[in-house]
Amino acid sequence: MHQRPTSWLEPKKGAFFVLALYLFVLNAFSQEAPKIPNLYERAHASLCLSCHTLSSLSQGRDKDAFIKQLLALQMSPKKDHVMSQIARGLNQDQIIELANFFTRQEGPDL
Amino acid sequence: MKRRQFQNQLAASLGMSALGSGAWMQKASGAQAAKVLIIGGGFGGATAAKYLKIFSKQHIQVTLMESEKTFISSPMSNLILGASAQLKDLEFSYSGLKDRYGVELVQDRAIEIDFQKKRVHGLTHKNIPYDKLILAPGMQMIWGEVAGLQEARDQQLIFQAWDGSRDILKLQAQLASMQNGQTFVLSIPESPFKCPPGPYERASQVASFFKKYKPQCKVLILDANQDVLSNGASFKRFWSENFASIIDYRPQHMVTSVDAQKRVIGLEIQDDLSYDVANILPPMRAGDIAFQTGLTNVNNKWCGVDFSNFESQKAKDVHILGDAIQGAPLMPKSGHMANAQAKVLAAALCAEFMDLPKDPAPFLTNTCYSFLDDQTALHIASVHQYDPLEKTYKVVPQSSGVSLRPSVEEARQAKDWAQHIWADMLS
């Protein structure tokens, strides 16, 4: 009995091949879960955006200057100044975290 | 390759794809992205919608269900009564959430939640699915606590104008129609209620309006509380210095009834009072959808939540924020607070979908500004740190504070604050 040779180029099986190849490529690009880097750093920084724009907090500042400004606000003799009151609610780790976020060289990315 | 081998490889490839799509999909009910449905488009709900999209880098499907076509800000609305702002200054479209962030908008009123099937039904939209539900329903007046108030409202004789609605224009029209020498009564319910400084700002704005245009008119404040609840010293000093002949402040005066036809108010202890225009704020509770679905487990008024992720104490995968929750100590029911809670919640849900650990140190900030007249304002501010041991938020010592005196500078800051927070939630 004569049997036809099998070929992946045959239309029916070729379609399966293309589908498998597509899924393989898709899989290669979707191996990793979506990245959400620095989630909590971004969330904490976003609290500042209720009163400030992203650009006003990030432009023209370096990290040290940002930290010094918040520390100066904490020490301000104007006890009833709104930003002094907010700054006094931040601990050292939070201040550094905000400074890192807003003064990142490539710009802050929420 | 044999057919069986091919089928095995195909199945393996499909399986790997499913795994590779990440935890976002594993948490969801099918092959689609995780779905978060938000009920209520106020400061909390709109902010949550925007920041879920931002924090997740667009990997969450977010739907915002809101009955109103536009957002009207309650903060700053008292300026309309003082004739220094107009409604158009406070009204905004939700379209930015859709166009810039991909939030799906559903204009409808939620009327039923099926917690088992994770479906929400609106008046016109049925079976809206969710993996996580955020309720930001605001507060609801308890009409029955003041006899006759529901009837007065139904007859369009008394307007509360406390929920960011066009009723503020009706109240403004009532004030404008008053004869010089008549009396406006503002009644304040026992705390807690939405926007603690709000009634005192309102009284100031009406007094400012009277001083300019109807100097013989009076503002009678009937406060069920022991004293002015926010910035008390500053408010009372400003009133005595600027509105001494206009404002009459009476603490511990609880309104229990009103006859809007005869224009008479009944009080719990004191004698009845007559008025010309009344703005009666009754006690408040969480918004209807929370109340009707049994989520108001604190005094049958407010929703208890787990403060680590604002999950309801009564329903799994339901998170509640803003005015509707039983707040932590000294946590005000304010627009700014709802905005901050929404960001913390958005991050918490992203973390949960990604199987990341909870934020060990979430915190919240709050600022409320109050205008005393058309030129000056004051503020109250605080920072609230989550305490994982006591599972609540506590005000950070030294952070909470008020203005010593109202100032023009603070009025400028208040207007800046409003522009920024509106943009932060909607643009």
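**Chat: a sheet in chain B and a helix pair across chains**

Guide: In this predicted model, strands 14, 15 and 16 of chain B make an open sheet in the order 14-15-16, with antiparallel pairing.

Visitor: Which strands sit at the edges?

Guide: Strand 14 (255–259) and strand 16 (273–274) of chain B, each pairing on one side only.

Visitor: And how many bridges link strand 15 and strand 16 of chain B?

Guide: Two bridges, in the antiparallel sense; strand 15 of chain B covers residues 264–267. V264(B) stands opposite S274(B) of strand 16 there.

Visitor: Switching to chain A. How many helices and strands does it have?

Guide: Six helices and zero strands, so to speak α-α-α-α-α-α from the N terminus on.

Visitor: What share of chain A is buried?

Guide: 25% of its 110 residues count as buried. For contacts in chain A with a separation of 6 or more, 68% are between residues 24 or more positions apart.

Visitor: How do helix 2 of chain A and helix 11 of chain B cross?

Guide: Their axes cross at roughly 170° and come within 9 Å; helix 2 of chain A is residues 39–46, helix 11 of chain B is residues 335–353. Angles over 145 degrees count as roughly antiparallel, so that's what these two helices are to each other.

Visitor: Which residues meet there?

Guide: From helix 2 of chain A, L39(A), Y40(A), A43(A) and S46(A); from helix 11 of chain B, K343(B), V344(B), A347(B), C350(B) and A351(B). By type, that contact divides into seven nonpolar, one polar and one charged residue.

Note on methods. Residues are numbered from 1 along each chain as its sequence is written. Chains are lettered from A and ligands numbered from 1 in the order in which they are written. This is a predicted model: local features need pLDDT of at least 70, side-chain atom pairs count only at pLDDT 80 or more; totals for chains, interfaces and linings use all residues. Helices (H or I, at least four residues) and strands (E, at least two) are DSSP runs, numbered from the N terminus. A residue is buried if 20 or more other C-beta atoms lie within 10 Å of its own, exposed if 12 or fewer, and partly exposed in between; C-beta atoms are placed from the backbone. Two residues are in contact if their C-beta atoms, placed from the backbone, lie within 7 Å. Axes are lines fitted to C-alpha atoms, for helices over the stretch in contact, and angles run from 0 to 180 degrees between N-to-C directions. Angles under 35 degrees count as roughly parallel, over 145 as roughly antiparallel, 65 to 115 as roughly perpendicular and the rest as oblique. Ala, Val, Leu, Ile, Met, Phe, Trp, Tyr, Cys and Pro count as nonpolar, Asp, Glu, Lys and Arg as charged, and the others, Gly among them, as polar. Two strands pair if DSSP finds at least two bridges between them.
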